[in-house]
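Please open the structure in a viewer and keep the sequence panel visible. The tour below proceeds from the sheet to the packing around it.

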Amino acid sequence: MNDIKTVAVYCGSNTGREETYLRAAAELGSVLASRGIKIVFGGTHKGLMGALADAALAGGGHVTGVITERLKAKGHTHSGLNAIETLPTMQARKKRMIALADAFIALPGGVGTLEEFMEVWTLNQLGEIAKPAGLFDVNGYYQPLMAMVDHMIAEAFLPAAHRDAIVVEAKPDALISGLVDFIPVTVQKWMS
């Protein structure tokens, strides 16, 4: 069982095509707040990030933003956060979010969201961190990614056990419980 006090949430700075994504971000923020789990996120008021933070704060949650100097200068900083940290580069921002978090969740998002999530999955796979990571699979958003993971396995680029190295759930409570109960995959990544 993992003691999860703080979750880094990666998510879109856009809202997506459907209202469902905004509702899901708000629901996740509310559930994390109700469970007393702090949130670390990208620090902006835009898109799913803003909806997540707003809902968590409305529910009495603690939200820390970690934003880059460039985005702060553009006026993207969420003004109602409990704490905000400003870092010079995206690489420094990602490193700080990883350090602050006990676990990671990716909501739907774009290239940045996917890249941030894949980095923590890779760091777990290499044994550089040991922190559970999960995908909030709103409307089956991450099923194409999981199909690609299955393709990696079928083509012998990824051991089959590593498919279970991330938690994939469509409901916030199930996702958080999956992270708490997560048992790390110990099968090494090298197949030969």
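Two strands are taken to pair if DSSP finds at least two bridges between them. The model toured here is predicted.

Select strand E3, residues 63-68, together with E4: the two pair in the parallel sense over 5 bridges. Within this pair, display isoleucine 67, which stands opposite threonine 86 of E4.

Next, extend the selection to the whole sheet. It is an open sheet of 7 strands with parallel pairing, in the order E4-E3-E2-E1-E5-E6-E7. Which strands stand at the edges? They are strand E4 (83-87) and strand E7 (167-169); each has a single partner strand, so one side of each is left without a neighbour in the sheet. On average, neighbouring strands of this sheet are turned by 20° against each other, direction ignored.

Now add helix H2. H2 lies across E1, E2 and E3, and runs at about 160° to E2.

Turn then to the interior. The largest nonpolar core has 32 residues, and those with the most contacts inside it are Val9, Leu28, Leu52 and Leu107. Elements that each supply at least two residues of this core include strand E1 (6-10), helix H1 (19-34), helix H2 (47-58) and helix H7 (172-181).

Centre the view on leucine 52. Leaving aside neighbours within four places in sequence, leucine 52 is in contact with Val9, Cys11, Ala25, Leu28, Gly29, Ile39, Phe41 and Leu107.

Finally, select Phe117, Trp121, Leu123 and Met146, which are among the 24 residues of a second, separate core.

Key:
Residues are numbered from 1 along each chain as its sequence is written. This is a predicted model: local features need pLDDT of at least 70, side-chain atom pairs count only at pLDDT 80 or more; totals for chains, interfaces and linings use all residues. Side-chain values use heavy atoms; hydrogens and water are left out. A nonpolar core is a set of buried Ala, Val, Leu, Ile, Met, Phe, Trp, Tyr and Cys residues joined through side-chain atoms within 4.5 Å. Buried means under 20% relative accessible area, exposed over 50%, partly exposed in between (1.4 Å probe, protein chains only). Helices (H or I, at least four residues) and strands (E, at least two) are DSSP runs, numbered from the N terminus. Contact means heavy atoms within 4.5 Å. Axes are lines fitted to C-alpha atoms, for helices over the stretch in contact, and angles run from 0 to 180 degrees between N-to-C directions.
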